[in-house]
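The exercises that follow are meant to be worked with the sequence and the coordinates side by side. Try each task before reading its solution.

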Amino acid sequence: MIEKARELFREARSLCVLTGAGVSAESGVPTFRGKDGLWKNHNPMELATWDAFTRDPKLVWEWYQWRRGLIRKCEPNPSHQAIRKMEEMKEDFLLITQNVDGLHRKAGTEKLVEIHGNIWEVRCVGCGWKEEVFDDFEVLPPRCGHCGELLRPNVVWFGEAIPEDALRRSFEMLDRCDLLIVAGTSGVVQPAASFAGYVLRRGGSVIEVNLEETPNTPFVTIFLKGKAGEVL
């Protein structure tokens with residue numbers, strides 16, 4: 001199977017890579033789900049919402065500042081480096097990542113779409129100002145230096161839509177890629193969960209790399225079981 005995967009990679013003129021939480025987990029980035037459990041008796045999946053932010057922005061920012069502190073210690077792993085090398089080898093390339101930790105950027109990948117945003121970027125809820133801030137905020141919740149309104153993490157919360165530009169760029173590549181490599185994603189979070197089926201229906205090939213099978217596994221061209229860092 002690995003040799004067939006290599007062949008598909010070599011032959012692909014246009015390559016798209018989709019990554020999920022499994023890739024970040026290999027760098028030690030904690031995930032929302034499963035064994036990471038509660039944070040100070042709060043369900044993280046309930047904190048990552050606009051309703052939670054409007055109700056208690058300080059609490060939401062305490063959680064995000066804690067997360068940022070954990071991610072700050074993490075470094076790109078072999079899967080991030082392999083994807084960067086793939087970008088160097090393929091002129092027509094795009095990485096679509098569901099991860100917000102910025103580790104793909106840190107590894108040097110330039111042609112990428114962060115469809116769920118980036119935890120290091122903040123956005124003003126009033127004037128829309130955006131900027132990257134890597135240090136901790138001294139006062140929570142932080143406020144915009146331009147208009148005084150609240151700043152929020154520039155990530156896509158539950159119940160929010162993927163930014164139109166991110167979707168447009170993603171589907172432009174999904175419409176033309178010869179090969180889609182899906183790595184470290186559960187295949188249940190939309191819209192990314194539908195990307196493999198989308199490429200297969202229009203005649204492209206899909207290689208899935210994951211520690212366990214997903215809802216997409218029965219339909220993909222090749223399934224490679226294992227850590228993304230080792231397989232890629």
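A residue is called buried when its relative accessible area is under 20%, and exposed when that area is over 50%. The model is a predicted one, and every value below is computed from it.

**Exercise 1. Decide whether Y64, W157 and G159 are buried or exposed.**

Solution. Begin with Y64, whose relative accessibility is 1%, so that Y64 counts as buried. Turn next to W157, which has 2% relative accessibility and therefore counts as buried. Finish with G159, which is found in the loop between β6 and α8; its relative accessible area is 86%, so G159 is exposed. As a further check on this loop residue, locate E213: G159 and E213 are 54 residues apart in sequence, and their C-alpha atoms are 27 Å apart in space.

**Exercise 2. Describe the aromatic pairs that Y64 forms, and find the cluster to which Y64 belongs.**

Solution. A pair of aromatic rings is described by the distance of the centres and the angle of the planes. Two rings pair here if their centres lie within 6.5 Å, and planes over 60 degrees apart count as edge-to-face. By this rule the model has eight aromatic pairs. In one of them, W63 and Y64 lie 4.8 Å apart from centre to centre with 65° between the planes, an edge-to-face arrangement, and both W63 and Y64 are buried. In another, Y64 and W157 form a tilted pair, with 6.4 Å between the centres and 50° between the planes. This second pair links distant parts of the chain, since Y64 belongs to helix α5 (residues 57-72) while W157 is in the loop between β6 and α8 (164-174), 93 residues apart. Taken together, ring pairs link W50, F53, W63, Y64 and W157 into a cluster.

**Exercise 3. Find which charged residues lie over the rings of W157 and F9.**

Solution. At W157, the charged end of R152 sits over the ring, 3.8 Å from its centre. At F9, the residue over the face of the ring is K90, at 4.9 Å from the ring centre.

**Exercise 4. Work out how strand β4 is placed and which strands it pairs with.**

Solution. Start with burial: six of the eight residues of β4 (residues 117-124) are buried, so this strand is largely enclosed by the rest of the structure. Then take the partners in turn. Strand β6 (residues 151-155) is joined to β4 by four bridges and runs antiparallel to it, and within this pairing R123 has R152 as its bridge partner. Strand β5 (residues 130-132) is joined to β4 by three bridges, again antiparallel, and here R123 stands opposite K130. Finally, look at the connection: β4 and β5 form a hairpin with five residues between them, and G128 in the turn has a positive phi of about 85°.

**Exercise 5. Give the strand order of the open sheet, and explain how helix α1 is oriented on it.**

Solution. The open sheet consists of six strands in the order β3-β2-β1-β7-β8-β9, with parallel pairing. Its edge strands are β3 (112-114) and β9, each of which pairs on one side only, and the twist averages 15° from one strand to the next. At the β9 end, β8 and β9 pair in the parallel sense over four bridges, with I207 and I222 as bridge partners. Helix α1 packs on this sheet, touching β1, β7, β8 and β9, and its direction makes about 125° with that of β9.

Now consider the helix itself. In α1 (residues 2-11), A5, L8 and F9 are buried. They cover an arc of only 100° around the axis, which puts them on the same side of α1. An α-helix has 3.6 residues a turn, so residues three or four places apart point the same way. The buried residues of α1 pack against the sheet strands β1, β7, β8 and β9, and also against helix α6 (78-89). On the face turned away from the buried side, R10 and E11 are exposed.

**Exercise 6. Identify where cis peptide bonds precede P141 and P191.**

Solution. Most residues other than glycine have a negative phi, and most peptide bonds are trans. The bond from L140 to P141 is cis, with omega near -5°, and P141 is found in the loop between β5 and β6. A cis bond also joins Q190 and P191, with omega about 5°; P191 lies in the loop between β7 and α9 (195-201).

Conventions: Residues numbered from 1 in each chain as written. Predicted model: local features only at pLDDT ≥ 70, side-chain atom pairs only at ≥ 80, totals over all residues. Heavy atoms only, no water. Buried < 20%, exposed > 50% of the residue type's maximum accessible area, 1.4 Å probe, protein only. Helix = DSSP H or I, 4+ residues; strand = E, 2+ residues; numbered from the N terminus. Pairing = 2+ DSSP bridges. Arc of directions from axis to C-beta. Contact = heavy atoms within 4.5 Å. Axes fitted to C-alpha atoms, helices over the stretch in contact; angles between N-to-C directions. Phe/Tyr/Trp six-rings, centres within 6.5 Å; stacked < 30°, edge-to-face > 60°. Lys NZ or Arg CZ within 6 Å of the ring centre and 35° of its normal.
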